[in-house]
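These are my notebook entries on helix packing, aromatic pairs and a few single residues. I record each item as I looked it up.

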Amino acid sequence: PIKIFILCMLLPPVFYIISVLCLESHFKSRYTKEIGDIYTGYTRPLFDGSISLKNAINKNIRGYLQSKTLIAWGLKTTITVKTKGNTILYPIIFEGGEESLLPPAPMQVAADNYKLMNQGLVLNVDVILDHNSLLSNSMLVFYICLSVLALLLNYLSGIKKFRLENSEKSKEIVRLEKLEKNQTKKLKAIVRDKKNLTSEIKKVKKKFEDEKIKVKKNEDEMIKEIVSLEEKMNKNIALQNERQKEIDILKDQIRLFENERKIESKQKEKVFNSVQKRFKALYKKLSINERAISGFIELPDDMKIKSEEIIHKLNEDPKFVHVKRKVFKKKGRGTVQEVIFSYNGRLYFRQTKNNRIEILTMGTKNTQARDLEWLDSI
């Protein structure tokens, strides 16, 4: 259905966008909390003057970011630390000057650290997930795979329903044909009864005329007998008409089912001719048996792609095709070779006397027994 197809096309990007927003919000809250717990580190070195507050914050935040694998997968973070007096502590902005070349005294460093911390520190963390990174691409591929799986399940359900309906139609046609035969037999029996009754009426009428002349006494009885026979004949004629109407209805139903089967047969023939023309145009170095084309049409779409990849390799260079086994090698026959694709797919080919590759048949593991039996018969 077109609704399901459109839904499966739209949901992956929608889910992807929602997931990106949720991840950014989640990791922004998480990183803000975790960095807020560790970015100043221990306060004792700060008040001793052994390290400046800027260097301590820079060291702690860089160590934290290096420990996060998701950042390497495409999760970008923008972190700023400043005082309420707008003094930027992270990232470090290097300022030129001769004074920066001389190491400051520990007391001066401790005083500066104390002064900055008294002003109050403000941490701001922004998290952005790149759209072409490993993490984002993995999420998008996951949602696309889910969408394709939904389409595949819907397709398989439709195929199963179609086959069930086709089987029911075939059974109904067989039932109607049997019913028609039974009704035809009953109609023939009624026709025979009609002939017998007509013949009997004629005999009775003749006998009545003869007896009328001879004996007037039996006239009433003869008339009653004729009336009774005529009533039987009328009943039989009415029954015959009803049976004929039922037969006409059955014939119309059979004609309708036969027309549906002809339409389905034409559609299959049209698909077969289309695939056969395409293969002849694309793979001019190969000979492809009609059974192989029929088997290709019955394959699912994903297996069709894999099987056509094998056909393409056979057309270009058979050396690149991995042959699983040789099916048989009898006297006077070429060797038939088996190739596996998509785990369950099977393709059989052989090399003819003029060094031309002939693809004999293809199918799945379920049709392997029939295919091998056919190969043994050619």
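Entry 1, two tyrosines. I began with burial, and both tyrosine 31 and tyrosine 64 are buried. I note that the model is a predicted one. I then looked up where the two residues sit: tyrosine 31 belongs to helix H1 and tyrosine 64 to helix H3 (residues 53-66), so the pair, 33 residues apart, links distant parts of the chain. Their ring centres lie 5.9 Å apart and their planes stand at 90 degrees. I recorded the pair as edge-to-face, because an angle over 60 degrees counts as such.

Entry 2, the other partner of tyrosine 31. I counted the aromatic pairs listed for the structure and found 6. In one of them, the rings of phenylalanine 27 and tyrosine 31 have centres 5.6 Å apart and planes at 55 degrees, so I entered this pair as tilted. Both residues lie in helix H1, and because they are 4 residues apart, about one helical turn separates them. I checked burial here as well: phenylalanine 27 is buried, and tyrosine 31 is too.

Entry 3, H1 against H3. I next asked how the axes of H1 and H3 cross. They come within 10 Å of each other, at an angle of roughly 140 degrees. I therefore described the two helices as oblique to each other. The crossing is right-handed. On the H1 side I listed Tyr31, Glu34, Ile35 and Ile38, which meet Asn60, Ile61 and Tyr64 in H3. By class, this contact of H1 with H3 holds 5 nonpolar residues, 1 polar and 1 charged.

Entry 4, H1 against H6. I repeated the look-up for helix H1 (residues 2-38) and helix H6 (residues 134-214), whose axes come within 9 Å and cross at roughly 155 degrees. That angle makes H1 roughly antiparallel to H6, since the term applies to angles over 145 degrees. H1 passes H6 in a right-handed crossing. The residues that H1 brings to the contact include Ile4, Phe5, Cys8, Met9 and Pro12, and among those of H6 are Ser136, Met139, Leu140 and Tyr143. Which classes of residue make up the contact of H1 with H6? I found 15 nonpolar and 4 polar residues, and no charged ones.

Entry 5, an aromatic cluster. I noted that Phe15, Phe142 and Tyr143 form one aromatic cluster. Two of these names were already on my list for the previous entry, since Phe15 in H1 and Tyr143 in H6 are among the residues of that contact.

Entry 6, glutamate 246. I located this residue in helix H7 (residues 219-282). Its relative accessibility is 34%, so I entered glutamate 246 as partly exposed. I also looked up its separation from glutamate 168: the two are 78 residues apart in sequence and 22 Å apart in space, from C-alpha to C-alpha.

Entry 7, lysine 306. I found lysine 306 in helix H9 (residues 301-316). With a relative accessible area of 42%, lysine 306 is partly exposed. Which residues does lysine 306 contact, leaving aside neighbours within four places in sequence? I recorded Phe341 and Ser342. Lastly, I looked up lysine 306 and threonine 367, which lie 61 residues apart in sequence and 17 Å apart in space, C-alpha to C-alpha.

How values were computed: Residues numbered from 1 in each chain as written. Predicted model: local features only at pLDDT ≥ 70, side-chain atom pairs only at ≥ 80, totals over all residues. Heavy atoms only, no water. Axes fitted to C-alpha atoms, helices over the stretch in contact; angles between N-to-C directions. Parallel < 35°, antiparallel > 145°, perpendicular 65-115°, else oblique. Left-handed = near helix turned anticlockwise from the far one by under 90°. Contact = heavy atoms within 4.5 Å. Nonpolar A, V, L, I, M, F, W, Y, C, P; charged D, E, K, R; others polar. Phe/Tyr/Trp six-rings, centres within 6.5 Å; stacked < 30°, edge-to-face > 60°. Buried < 20%, exposed > 50% of the residue type's maximum accessible area, 1.4 Å probe, protein only.
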